[in-house]
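Take a walk through this model with the sequence at hand. Each stop looks at one part and its surroundings.

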Amino acid sequence: MVVVSACGSSTSNSSSKKNTATSEPTASTNEPAKAAPITMTVQYPKSDNLAGIEFTDKKVARFQEQYPNVTVKKNDWQYSPNEIGIKMAAHQAPSFIRVPATEGKVLLEHQWLTDLTPFMEKYEHANDFNEKLVSPFMIDGKMYAIPANGYIMAVMINKKLFDEKNVPLPTPDWTWDDFYAAAKATADPAKGIAGFAMMAKGNEGGWNWTNFLYGAGGTTQNATDGKVTSAFNSEEGVKAMEFMKKLRWEGDALPQNWALNFGDVYNLFKQGRAAMVLGDRIEDAINNGGMKKEDLIILPIPSMEKGGDHTCVLGGNYDVINPQETPEVQQMAFNYVTFDLFKDSELDAMKLVLEDRKAKGQVYLYGAPAYYKADSEYGKKFEALVNQYPDNVFRYDPEVSKLMVGVPEPSYNGQECYAALTNVLQEVFSNKDADVKALLDAAAKKFDQEVLSKVVVK
C-alpha cells in the first residue's frame, strides 16, 4: 500500500513535453494535427485487489488526460513462467508486463523483451535510475526493463531478545561466525524462541539460502558455450549448506518447526519468537505487529570472513515492454510505465502517506534501495521530505546500505532453481547425518537434466 500510495501522481509539464509525440501545424489551419489513435493494453489488477484497481483506474485517467489519443484496454493476466509462452504465442500479452527479477535472461532468450535503450535516449531521467536495481535487466549494455520495486536482502533483528539473553548486538561488519554465535545464544528452544528463522517450506527456502551461497562467493548457474548448467553444488555451495546444517544441529538455533513459508517467518518474528530473520519488513513488524521502533535494527547479510563482502540476493519486480507491439504502442507503454516516476506530484502523494503514518503513530521505512539514485535531484527532494517526519521514519543506517552488495537472482528458471534448492535444505534440516555434497550434486544433476538442458543461450 505504501508503494501504491507513493506512486499515484500526475505528470509534470516538462515530462509532458518530453514524452508526448506532437505533430507539425498543418498548412491550412496552422494548428497542430491530432495525434494518431493508439490502443494499448494495460496490465490490470485481479478483481479482488480493490486498492490496486482504484490506483490503476486513477493512473489510467490521468494518463489519458495527457494522451487523449490513447485507448486503454484492460488485461488482468499476471505474469507466470508457465503461461508467458502461451500468451506470447497467442499475441495476448499486455503491452507491458510486470515480471520478477529472475526472468530477464529467459525472456531475452525467447525474444520476449523490448530493448528500451532507444526510449531511454529520449527520456530526461535516464541517468537517474539506481544502477543496483537496474542491473538484473541490463544485458550486454542494453536496458530491457524499468525497476518497479526492488530489494537487496538484509537481516532484521529483534534487539529485545538479545537484551533478554545478555547477548551483544552484532555490528554491521559481522561475519558468519558472529551470526552463528548470535543465533545460538539468543535461541531458547524451551520457550519456543529461535535465534534465526528462515524460510524452508516452499521456493522461499532456496531463495533465502542463496544469500549464503552468494556470501560464500558462489553462484547458482553457469552459462558457457551456449549451455546453462547448475553451479550451486560447488565448494562454495557446500560451505553455505554446511553452515545451515551447523545452525540446525549444532547451534539448535532454528525453530523446532522449521518448515516455514514467507508469512510464517515474519509472523514468528512479530510474536517475539525469532531473534533474526532475513528481510527488512520493519513496517509490518511495527505497524501491524505492535513491535517498537527502538527494538529493531537492520544489518547487512554477514560476510563469510572478516573483511569480506556482504553479498546477498538482489531482486524485485520490473516492467518490461511487449516486443510484439508496434513501435508507437511500445513508446506509449514506456510513457505509461514511467508516467509517475521522478515527479513532484509523487512527492505530494508521499507526503500524504507520511501524514497518515503520523496520525496513526506508524512508521515508514526509508533508505532501502529505490528506483532512483539517492543523490539525484529527485532523491534529494525525497530525503528532504522524509526528514520532516523524524518520529515516523525508520531509517537504514547509511553504513549498512554502503556495505550491502546485491547479486541478481538466478537468470534462468529462477523459481524452479529455488525449488530444487529447497529440497536439499529440507533434507539437511531433517537429517543430522545428511551428506551435503551428495545432495547438492544430485539436485544439480536432476535440475540440469529436467530443466536447464532445455535452455538455449543465444
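Leaving aside neighbours within four places in sequence, Asn322 touches Met88, Ala93, Pro94, Ser95, Phe96, Thr114 and Gln330. This is a predicted model. Asn322 lies in a loop. Strand S12 (310-321) stands on one side of that loop, and helix H14 (327-337) on the other. Is Asn322 buried or exposed? Its relative accessibility is 2%. The cut-off for buried is under 20%, so Asn322 counts as buried.

Next come the helices. Start with helix H10 (residues 203-215) and helix H11 (residues 235-250). Their axes are 8 Å apart, and the two pack at an angle of about 125°. Angles of 65 to 115 degrees count as roughly perpendicular, and those over 145 as roughly antiparallel. The angle here falls in neither class, so H10 and H11 are oblique to each other. The crossing of H10 past H11 is right-handed.

Which residues make this contact? H10 brings Trp209, Phe212 and Leu213. H11 answers with Glu236, Gly237, Ala240, Met241, Phe243 and Met244. Sorted by class, the contact of H10 with H11 holds 7 nonpolar residues, 1 polar and 1 charged.

Stay with H11 and turn to another partner. Helix H18 covers residues 414-430. The axes of H11 and H18 come within 9 Å and cross at roughly 35°. This crossing, too, is right-handed. On the H11 side, the contact residues are Met241, Met244, Lys245, Arg248 and Trp249. On the H18 side, they are Val424, Leu425, Val428, Phe429 and Ser430. By class, the contact of H11 with H18 counts 7 nonpolar, 1 polar and 2 charged residues. Met241 and Met244 of H11 appear in the contact with H10 and again in the contact with H18.

The last stop is the cysteines. How many disulfides does the structure hold? The count is 0. A disulfide is a covalent bond between the sulfur atoms of two cysteines. Two such atoms must lie within 2.5 Å to count as a pair. Why does Cys312 form no such bond? The closest cysteine sulfur belongs to Cys417 and is 17 Å from that of Cys312, so the gap is too far for a bond. Cys417 is likewise in no disulfide, with the sulfur of Cys312 as its nearest. Cys312 is buried, at a relative accessible area of 1%. Cys417 is buried as well, at 0%.

Definitions and conventions
Residues numbered from 1 in each chain as written. Predicted model: local features only at pLDDT ≥ 70, side-chain atom pairs only at ≥ 80, totals over all residues. Heavy atoms only, no water. Axes fitted to C-alpha atoms, helices over the stretch in contact; angles between N-to-C directions. Helix = DSSP H or I, 4+ residues; strand = E, 2+ residues; numbered from the N terminus. Parallel < 35°, antiparallel > 145°, perpendicular 65-115°, else oblique. Left-handed = near helix turned anticlockwise from the far one by under 90°. Contact = heavy atoms within 4.5 Å. Nonpolar A, V, L, I, M, F, W, Y, C, P; charged D, E, K, R; others polar. Buried < 20%, exposed > 50% of the residue type's maximum accessible area, 1.4 Å probe, protein only.
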